[in-house]
Each structure stands twice: as C-alpha cells, then as structure tokens.
Amino acid sequence: MPDPRPLRADARRNRERVLDAARTAFATDGLSVPLDEIARRANVGPGTLYRHFPTKEALVGAVLHDQLCGLAAEGGALSDSDDPGAAFFTFIDRLVAEAGPKRDLFEALASAGVQAGPAVMAAVDDLRAQIAHLLTRAQRSGAVRNDIGGAELIALLSGILFAMRPRPGTDQALVLSVFRDGLRPRE
C-alpha cells in the first residue's frame, strides 16, 4: 500500500529494502517471520522498519497489496489479447508461478481476506475481476469449458495453489498440466 506522505529519497530506499526483504522472507518462510528478522535482512534498524510499518499486519498488507496489484495489472495487460485462450492460460501459469511456491500469497488468498485492510481487499477484488474477465473471453473463444464459473475457478485456483507448494517428489509441471487440461472444453 502506498504511503500517503511523500518520502525523502533515503526513506523511500529504506522502505523498498524492507518490502524486498519482507517479500523474500514471507515467500520462503511464511508469515511467521519476526519483524526484527526482516529488519536485519533489510539491513535497517528496527526503528526504520517500524516507522514505515508500525505493525506486522501493515507490512504484510503492503507486501500483499503490491503482489496482488502486480498480478491484476498483468491480467489487465492480457485482457485485450487477440488470442483469449492463450491469454487466459498464460495468466493462470503466471498466477501459479507467482503464488504457488510462495507461502505468503497462498496464505493470504486462502484466508479470504481475514484481517486484510480495505486496500488489500480492493486489490483482491481487482484480481478476481481480471480472472473473471479472462475466463469469460476464453470461454467465448472456445478455449475454456463453458460450465465453469468464476466462483468455481477461484475454488480450483485455491486448490492448485495449494498443490503447487513445494513438495519433494512432486512433478509440479504435471500437476499444472492436468489442471489446465481440466479447464479445456470436453470433446
């Protein structure tokens, strides 16, 4: 979430360092990483972290907001593609690549916005709207089966994101391929 106050260049850099360290920490270790550990990884003092993000929820919200807005923007960029089917599956692949192996986004999506602020919820809504738009276009083009709605797709995406979490011995490319095949029209 953007800070409403303009920041000096050094403060902006510190804020970005904290966000980068938090993204990495949350992606690899989940949301339980202590704030002091994130400050250490960002090479800033705890006071700097707390000035920008007074609570862990504020930091998690900022990271999630950035990730969700980025994904929604990618969906928007694909929304007018000449090949709606390819655009839909490209976006599904991107979503799985971004969220599957990362525990933070999965946890946030699985919690359905529990304790998420209005900016994060607006980003979730925007992402869902992009998914629904891409789904509708892909269905109209005949690339995706017509008997699946947005709610079913979101439920399936939750499952595939869970399935794509790193697990020893799992062929994740095969899991994604089977998922994609299930979305295609029946012959």
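This report walks through the nonpolar core, one helix, a buried arginine and some salt bridges in a predicted model.

## The nonpolar core

Let's start on the inside. The largest nonpolar core has 48 residues, and the members that touch the most others are V18, F26, I38, L59, F88, L153 and L157. Plenty of helices chip in: helix 1 (9-29), helix 2 (35-42), helix 4 (56-78), helix 5 (84-99), helix 7 (118-140), helix 8 (150-163) and helix 9 (172-183) each supply at least two residues. In soluble globular proteins, nonpolar side chains tend to be buried together.

F88 is a handy residue to click on. Leaving aside residues up to four places away in sequence, F88 touches L134, L135, A138, V144, L153 and L183.

## Helix 5

F88 is among the buried residues of helix 5, along with P84, G85, A87, F89, F91, I92, L95, V96, E98 and A99.

Does the length of this helix add up on paper and in the model, or do the two disagree? At 1.5 Å a residue, the 16 residues of helix 5 should span 22 Å, and the end C-alpha atoms are 22 Å apart, so the two agree.

## A buried arginine

Now look at R137, which sits in helix 7. R137 is buried but has no salt bridge. D80 is the nearest side chain of opposite charge, and it lies 5.3 Å away, while a salt bridge needs a nitrogen and an oxygen within 4 Å.

What does the side chain of R137 reach instead? It gets to the backbone oxygen of S81, at 3.0 Å. Not counting residues up to four places away in sequence, R137 touches L78, S79, D80, S81 and P84.

## Salt bridges

The model has ten salt bridges by the rule used here. One of them pairs R41 with D29, with the closest N and O atoms 3.0 Å apart. R41 lies in helix 2 and D29 in helix 1, so this pair ties together parts that are twelve residues apart in sequence. Both ends are partly exposed: R41 has a relative accessible area of 36%, and D29 has 32%.

Another spot to visit is D147. R145 forms a salt bridge with D147 at 2.7 Å between the closest N and O atoms, and R186 also meets D147 in a salt bridge, at 2.7 Å from N to O. The R186 pair links distant parts of the chain, with R186 in the segment after helix 9 and D147 in the loop between helix 7 and helix 8, 39 residues apart. R186 is exposed, at 64% relative accessible area, whereas R145 is partly exposed at 21%.

Notes:
Residues numbered from 1 in each chain as written. Predicted model: local features only at pLDDT ≥ 70, side-chain atom pairs only at ≥ 80, totals over all residues. Heavy atoms only, no water. Core = buried A, V, L, I, M, F, W, Y, C linked by side-chain atoms within 4.5 Å. Buried < 20%, exposed > 50% of the residue type's maximum accessible area, 1.4 Å probe, protein only. Helix = DSSP H or I, 4+ residues; strand = E, 2+ residues; numbered from the N terminus. Contact = heavy atoms within 4.5 Å. Lys, Arg positive; Asp, Glu negative; His and termini not counted. Polar contact = N/O pair within 3.5 Å; in protein donor to acceptor, adjacent residues only side chain to side chain. Expected span 1.5 Å × (residues − 1).
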